[in-house]
Amino acid sequence: MEAPTSSRLNSRKRRKEGPGPNGATELDGIPAKMSRRAFSLQEPAPFSDEIEIDYSKPYARVTFEEALRGTPLDRPVRVYADGIFDLFHSGHARALMQAKNLFPNTYLIVGVCSDELTHNFKGFTVMNENERYDAVQHCRYVDEVVRNAPWTLTPEFLKEHRIDFVAHDDIPYSSAGSDDVYKHIKDAGMFAPTQRTEGISTSDIITRIVRDYDVYARRNLQRGYTAKELNVSFINEKKYHLQERVDKVKKRVKDVEEKSKEFVQKVEEKSIDLIQKWEEKSREFIGNFLEMFGPEGALKHMLKEGKGRMLQAISPRQSPSSSPTHDRSPSPSFRWPFSAKTPPASPANRTRNEAAITYDISEDEED
């Protein structure tokens, strides 16, 4: 049975990467899952000691090949998975999901060890046995829960619960003086391996809590738990309260810094906008000033135009050169008695006097 087990493991790895329901692919050749019992979906899984088994009917264990092909609806493959299930987490749920989906028609029985066995063989638990029973009961993949499950599976236990296969990860589990408590199950061909979920385990969760113990202690003190309930000393309690006050002050300072940064950022944005608007207005003002008072500005043209009009207004108008000239008859000039000369004239009238003298001379000559 080792060869089928190995091939089954490889098949399961393919299904994990496949796109089909429950990770199944077309290469697996596994028939579709049959409908589950209604009580498994609507109510918690029952305990084994609450279920009546009809031992009058003969029970023959199915082979691995028969289980893969699929069994009748009234004869599901009974798969058993056991564990401590302390701090029930997604790794536990995924392991039970894999066990439930090993075969097309699977009835999953989950055994949970008691506090006494667990404390003797593994160590102290966070949750007590009743809490662990209840957690497993409410997992949707579980059909039946066995309380006070044995640490090592015996043939009598397997026969009593009519178990066909035992599901667990294939890493050797050394405990109770044995290198692998599932070795005799593997030798009998009843072992169906599952895969562990990396990155999550009960030990990992406890490690996180222990590592950040101060954080969680302060958290629970804030929520109303007493130092006695948390097993915290008086000095540590005061230390946690002081740290809490310091953290509040730091938070306030951080909030003030963030608000101040936002304020400064807003001021910078507004100042940039104001500077840009001022630059635009200043450019506009300078352009208007140069347009008015610059070397080629409007004011210079206005002054030139006004100067020209003023000069035109104060200067005499000259007659056009093309206008006709009228000959004026010379007026008779006054002559000094007994003299042919005229009295001295001013420079301005010299020209006119000369003309008059010439006129007088010409008249004397005629006389």
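**Exercise 1. Sort Phe293 into buried, partly exposed or exposed, and find the surface patch it belongs to.**

Solution. Keep in mind that we're working with a predicted model.
- Step 1: Phe293 has a relative accessible area of 49%, so it counts as partly exposed. The cut-off for exposed is over 50%, and buried means under 20%.
- Step 2: Now place it in the fold: Phe293 sits in helix α11.
- Step 3: Look at its company. Phe293 is part of a nonpolar surface patch, along with Phe285, Ile286, Phe289, Leu290, Met292, Leu299, Met302 and Leu303. Together these residues have about 930 Å² of accessible area.
- Step 4: Which helices supply the patch? At least two residues come from each of α11 (234-293) and α12 (298-314). The top contributor is α11, with 6 residues.

**Exercise 2. Find a patch of positive charge and a patch of negative charge on the surface, and check one residue from each.**

Solution.
- Step 1: The positive patch brings together Lys238, Arg245, Lys248 and Arg252.
- Step 2: Take Lys238, which is in helix α11. Its relative accessible area is 45%, so Lys238 is partly exposed.
- Step 3: The negative patch is made of Asp255, Glu257, Glu258 and Glu262.
- Step 4: Take Glu257, which is found in helix α11. With 42% relative accessibility, Glu257 is partly exposed.

**Exercise 3. Decide whether His92 is buried or exposed, and list what it touches beyond its sequence neighbours.**

Solution.
- Step 1: His92 belongs to helix α4 (residues 90-100).
- Step 2: Its relative accessible area is 14%, and because buried means under 20%, His92 is buried.
- Step 3: Skip the neighbours within four places in sequence, and His92 still contacts Phe85, Asp86, Leu87 and Thr202.

**Exercise 4. Work out which parts of the chain the Arg147 and Asp49 salt bridge links.**

Solution.
- Step 1: Check the distance. The two side chains meet at 2.9 Å, N to O, and the cut-off for a salt bridge is within 4 Å.
- Step 2: Locate the partners. Arg147 is in strand β3 (residues 144-147), while Asp49 lies in the loop between α2 (38-42) and α3 (64-69). They are 98 residues apart, so this pair links distant parts of the chain.
- Step 3: Compare their exposure classes. Arg147 is partly exposed at 33%, whereas Asp49 is exposed at 56%.

**Exercise 5. Explain how Arg283 and Glu279 are placed along their helix, then look at the other salt bridges.**

Solution.
- Step 1: The closest N and O atoms of Arg283 and Glu279 are 3.8 Å apart, and the pair forms a salt bridge.
- Step 2: Why are they separated by about one helical turn? Because they are 4 residues apart in helix α11.
- Step 3: Arg283 is exposed, with 56% relative accessible area, and Glu279 is partly exposed at 32%.
- Step 4: Elsewhere, Arg218, Glu244 and Asp247 are joined into one network by salt bridges that share partners.
- Step 5: How many salt bridges are there? The count comes to 12. One of them joins Asp212 and Arg211, at 3.7 Å, N to O.

**Exercise 6. Sum up the whole protein.**

Solution.
- Step 1: Count the elements: 13 helices and 5 strands.
- Step 2: Of the 367 residues, 31% are buried.
- Step 3: The accessible surface is about 26,300 Å², and carbon and sulfur atoms own 55% of that.

Terms used
Residues are numbered from 1 along each chain as its sequence is written. This is a predicted model: local features need pLDDT of at least 70, side-chain atom pairs count only at pLDDT 80 or more; totals for chains, interfaces and linings use all residues. Side-chain values use heavy atoms; hydrogens and water are left out. Patches are made of residues with over 30% relative accessible area and no salt bridge: like charges are joined within 9 Å, nonpolar side chains (Val, Leu, Ile, Met, Phe, Trp, Tyr) within 5 Å. Accessible areas come from the Shrake-Rupley method with a 1.4 Å probe; for residues, only the protein chains shown count as cover. Buried means under 20% relative accessible area, exposed over 50%, partly exposed in between (1.4 Å probe, protein chains only). Lys and Arg count as positive and Asp and Glu as negative; His and the chain ends are not counted. The place of a charge is taken as NZ of Lys, CZ of Arg, CG of Asp or CD of Glu. Contact means heavy atoms within 4.5 Å.
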